[in-house]
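I opened this structure to see how a few chosen residues sit in the fold, and then to look at its pocket and its cores. My notes follow in the order in which I looked things up.

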Amino acid sequence: VLRRMIDAGKISSFILWGPPGVGKTTLAHIISQQLQAPFFTLSAVQSGVKEVREVIDRCKANIFSKVRPILFIDEIHRFSKSQQDSLLGAVEYGTVTLIGATTENPSFEVIRPLLSRCQVYVLKSQEKADLEGLIDRAVTTDFYLKEKNIVVKEKEALISFSGGDARKLLNILELVVNAQPGPEILIDNDTVRKEL
C-alpha cells in the first residue's frame with residue numbers, strides 16, 4: 001500500500017504501530033526522501049501544544065509547494081488529548097501529512113477524531129533472516145565496522161538477545177566488536193554471551 005502511494009506521489013496520513021526497532025522512523029524518512037517532501041519531526045516526549053502549532057505554522061508556509069509537508073511524530077501515543085486535538089485541523093485540511101509512530105495500540109491511545117483521519121499499518125518484529133542479513137550488511141558496509149577484521153561464525157546469540165529489534169541488534173554487535181581489541185574480531189555465540 002505504501003509503495004503504491006509513494007509511486008503515485010501522494011500519501012495520506014497514517015500511523016505505524018509496531019515494536020521497537022522495526023523501522024518506523026526509518027520508513028518515515030524514506031517516504032519523505034522519495035517524495036522530496038519537507039520533513040518535520042516532533043517527539044511526543046519533548047513537545048507540547050506550542051511546539052505542534054509552531055510546526056504547523058511552518059508547514060503552512062510550504063502550502064504552495066508541490067508536495068505536502070510530512071509531520072512525523074514519534075511515540076504519538078504519549079501525546080495528550082489536547083496535543084492530539086491541535087493536529088486535527090492541519091490533518092483534516094491537508095496542511096500536513098501526519099506520520100505517527102507508536103509501540104502501543106493506537107485504538108486505545110490515539111483520540112478517535114485523529115484516528116479516523118489516519119490509516120494504521122502494523123509492523124512486525126524482524127524475522128531471523130532479516131536480522132541475519134542486517135548483521136552481514138553492517139559488517140561489510142558500516143563505515144566503522146567495515147574497517148575492522150570481523151569474522152562472524154555464529155549469529156544465534158546476537159539474534160536471540162536482540163528480541164527482533166534491529167536497533168538493539170546493531171548495538172549488541174558494536175558492543176561485542178568494541179570489547180575485542182585484537183586484529184581479528186571473532187563473533188560467535190560464546191563471545192556474545194560472555195560480553196552481555
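**Entry 1: Ser32.** Leaving out residues up to four places away in sequence, I found that Ser32 touches Ala37, Phe39 and Ile70. The model is a predicted one, and I keep that in mind for every value noted here. Ser32 has its place in helix α2. I then asked whether Ser32 is buried or exposed. Its relative accessible area is 6%, and Ser32 therefore counts as buried, the limit being under 20%.

**Entry 2: Ser13.** I went next to another serine, Ser13, which lies in the loop between α1 (2-8) and β1 (14-17). Ser13 is buried too, with a relative accessible area of 5%. Which backbone atom lies 2.9 Å from a polar atom of the Ser13 side chain? I found that it is the backbone nitrogen of Leu98. Leu98 is also among the residues that Ser13 touches beyond four places in sequence, and the others are Val91, Val96, Thr97, Arg117, Cys118 and Gln119.

**Entry 3: Ala101.** I placed Ala101 in strand β4, which runs over residues 97-102. Its relative accessibility is 1%, so I noted Ala101 as buried. With neighbours within four places in sequence set aside, Ala101 is in contact with Leu16, Lys24, Phe72, Ile73, Asp74, Glu75 and Ile76. I also checked Ala101 against Tyr121, 20 residues apart along the chain, and the C-alpha atoms of the two are separated by 9.8 Å.

**Entry 4: the nonpolar cores.** Since Ile73 had come up as a contact of Ala101, I looked up its other partners. Again not counting residues up to four places away, Ile73 touches Leu42, Ala44, Phe79, Leu87, Leu98, Ile99, Gly100 and Ala101. Which members of the largest nonpolar core touch the most other members? In this core of 23 residues they are Leu71, Ile73, Ile76, Leu87, Leu98 and Leu114. At least two residues of the core are supplied by each of β2 (39-43), α3 (49-60), β3 (70-74), α4 (81-92) and α6 (112-115). A second core, separate from this one, holds 19 residues, including Ile135, Val139, Leu145 and Leu158. I add the general remark that nonpolar side chains tend to be buried together in soluble globular proteins.

**Entry 5: the largest pocket.** I noted about 350 Å³ of space in the largest pocket. The pocket is lined by 18 residues, of which Gly21, Val22, Gly23, Lys24 and Arg167 are the closest to its centre. Two or more lining residues come from each of α2 (24-35), α7 (128-141) and α9 (166-178), and α7 gives the largest share, with 4 residues. Sorted by class, the lining has 5 nonpolar, 7 polar and 6 charged residues. Lys24 links this entry to an earlier one, as Lys24 was also listed among the contacts of Ala101.

**Entry 6: the whole chain.** Last, I stepped back to the protein chain, in which I found 10 helices and 7 strands. Along the principal axes, its C-alpha atoms fill a box of roughly 60 × 35 × 30 Å. How much of the chain is made up of buried residues? The share is 43% of the 196 residues. Among contacts between residues at least 6 apart in sequence, 76% join residues at least 24 apart.

Note on methods:
Residues are numbered from 1 along each chain as its sequence is written. This is a predicted model: local features need pLDDT of at least 70, side-chain atom pairs count only at pLDDT 80 or more; totals for chains, interfaces and linings use all residues. Side-chain values use heavy atoms; hydrogens and water are left out. Buried means under 20% relative accessible area, exposed over 50%, partly exposed in between (1.4 Å probe, protein chains only). A polar contact is a pair of N or O atoms within 3.5 Å; within protein, one must be able to donate a hydrogen and the other to accept it, and residues adjacent in sequence count only if both atoms are side-chain atoms. Contact means heavy atoms within 4.5 Å. On a 1 Å grid over the protein atoms alone, a cavity is a set of points where a 1.4 Å probe fits but cannot get out, and a pocket is an open set with protein on both sides within 12 Å along at least five of seven lines; lining residues have an atom within 4 Å of a point. Grid points are joined across faces, edges and corners, and a volume is the space filled by probe spheres set on the points. Ala, Val, Leu, Ile, Met, Phe, Trp, Tyr, Cys and Pro count as nonpolar, Asp, Glu, Lys and Arg as charged, and the others, Gly among them, as polar. A nonpolar core is a set of buried Ala, Val, Leu, Ile, Met, Phe, Trp, Tyr and Cys residues joined through side-chain atoms within 4.5 Å.
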